[in-house]
Amino acid sequence: MQPFQTSKRAIRRFLLEKQLLLQSPQPSLNSNESMQQQVLEVIKQLECVQIDPVAAVRANQHLALAARIPGYEPRFLNELLSSNEVFEYMANAACIIPMSDYPIFEPTRRRLRENIQPRIDQIAAVVEQVLQRLEQEGPLSAKSFESSERVQGYWDNADGKTKATSHALNLLTDAAQIRIVGREGNQRKFHTTSHSVPAALIRQAEEMDEPEALEAMMMKYFRAYRVFEPSDPRLGWQNLRASERRGTIESHIRDGIVSPVEVEGLDKPYYILTEDMELLAAHDEAARNLPIQDETDLAVHFLPPLDNLLWSRKRLTDLFEFEYRWEIYTPAVKRTYGYYAMPILAGDRLIGRMDPRLDKKLGHLKVEYLQIDAEIEFTTKLREQVYGALDTFAKAHGATTVSVARTSFE
């Protein structure tokens, strides 16, 4: 199959449209119920949203959803969890996933159960205690369990510092015997899977054979990324060798499911779903007539470090010509942009980074560093739009005042 030839700008705009970031979302006067439904529809469109507990403003999952849904509040996602419309599990790392996809994750659950069963066996008595209480009293949070015993948990080094019941909850969650059914800040609420996953989906998971589940998972990955290539070690969210990843894409090309795309200026192809080819072609045609940057109605978004658009650093470099590294684990003296620097998307370009801190008590958002890449022409109009978006971002997260400590352009 001959690759479809296109420009970086066209494929960027195609990707941004699929990830609900090309235009500024319009606010609506939604009821609580309809807002929940909108949040669910966005998660379905994105396929999943990555979870992370670090919250310079709010946690990653809430920032990613707020970038796409005006009026979004964390309670809407929590209500979806408690009503069993979504579940948390491993996809592109820990993610929020539509509950309808529960069956296809059975191979992942099986693999994780096999890996952690020895750890579960080591604290079998505690595990049994936790399961009994959840069966009888659930949902419960970790602090609902009393335990003086300390064990070596996931994040401990040599010494055991983790409460035994908390470790049991983490193990049972990964083994999918229980699941997270709500969050209050960083506190998670748990219930048994049998009580919180629809019985029909549990039966479907048990009856689905592994090749069928893995193929469904691969298709979910293709839809989540929309523009992908085989060097990604997480292709299909499966443990595939490089040769297997290349073979998977080649077999899907032969089946007419995937199509190669030759992007101007790149020496290796990217791939998209064949069903998306018509939309990409439309963006390719439109991009030829677009000014370099139309600033009359520019959508500006501040993206959290684990936003879906940022999952592939190679894709960011290739298509957006943007280098991004999350510096949270970089020593403070070696950081360039800040430990929670959020990329700034303006129209179809990533133009810089914003490192925010939210003081909830004072209702104040402080931007430690607002940085614009040197090659970006930071016009008066673009500056107004970025600062306007910053005010909107602050208000959406409960801040009434904003300050910028340092910039790269003044």
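**Strand pairing, helix packing and cysteines in a predicted model**

In strand β9, Phe190 is the bridge partner of Ile180. The model is predicted, so local features need pLDDT of at least 70 and side-chain atom pairs count only at pLDDT 80 or more, whereas totals for chains, interfaces and linings use all residues. Residues are numbered from 1 along each chain as its sequence is written, and side-chain values use heavy atoms, with hydrogens and water left out. Strands (E, at least two residues) and helices (H or I, at least four) are DSSP runs, numbered from the N terminus. Two strands pair if DSSP finds at least two bridges between them.

The Ile180–Phe190 bridge belongs to the pairing of β8 with β9. Strand β8 covers residues 178-184, and six bridges link β8 to β9 in the antiparallel sense. The two strands form a hairpin with two residues between them. Gly185 lies in the turn and has a positive phi of about 65°. Strand β9 (residues 187-192) also pairs with β5 (residues 140-141). That pairing is antiparallel and has two bridges. Ser141 has Lys189 of β9 as its bridge partner.

Strand β8 also helps to cover helix α4. The helix spans residues 74-82, and its buried residues (under 20% relative accessible area, with over 50% exposed and partly exposed in between; 1.4 Å probe, protein chains only) are Phe76, Leu77, Asn78, Leu80 and Leu81. The cover of these residues also includes helices α2 (32-46) and α3 (60-66). Strands β3 (86-91) and β4 (93-98) contribute as well. After α4 comes Asn84, with a positive phi near 65°.

Strands β3 and β4 are themselves paired. They run antiparallel and are joined by six bridges. One residue separates them in a hairpin. Met90 has Ala94 in β4 as its bridge partner. Strand β4 pairs with β2 (residues 49-50) too, over two bridges in the antiparallel sense. Here Gln50 is matched with Cys95 of β4 as its bridge partner.

Cys95 is buried, because its relative accessibility is 0%. Cys48 counts as buried at 0% as well. For Cys95, the closest cysteine sulfur is in Cys48, at 4.0 Å, which is too far for a bond. A disulfide is a pair of cysteine sulfur atoms within 2.5 Å. The whole structure holds zero disulfides.

A further sheet is open and has five strands, in the order β12-β13-β14-β15-β16, with mixed pairing. Strands β12 (300-302) and β16 (401-404) stand at the edges. Each has a single partner strand, so one side of each is left without a neighbour in the sheet. Neighbouring strands are turned by 30° against each other on average, direction ignored. Strands β15 (residues 364-372) and β16 run parallel and share four bridges. Val367 has Val404 of β16 as its bridge partner. Helix α14 (residues 380-396) packs on this sheet. The helix touches β12, β13 (342-346), β14 (349-359), β15 and β16, where contact means heavy atoms within 4.5 Å. The direction of α14 makes about 50° with that of β12. Axes are lines fitted to C-alpha atoms, for helices over the stretch in contact, and angles run from 0 to 180 degrees between N-to-C directions.
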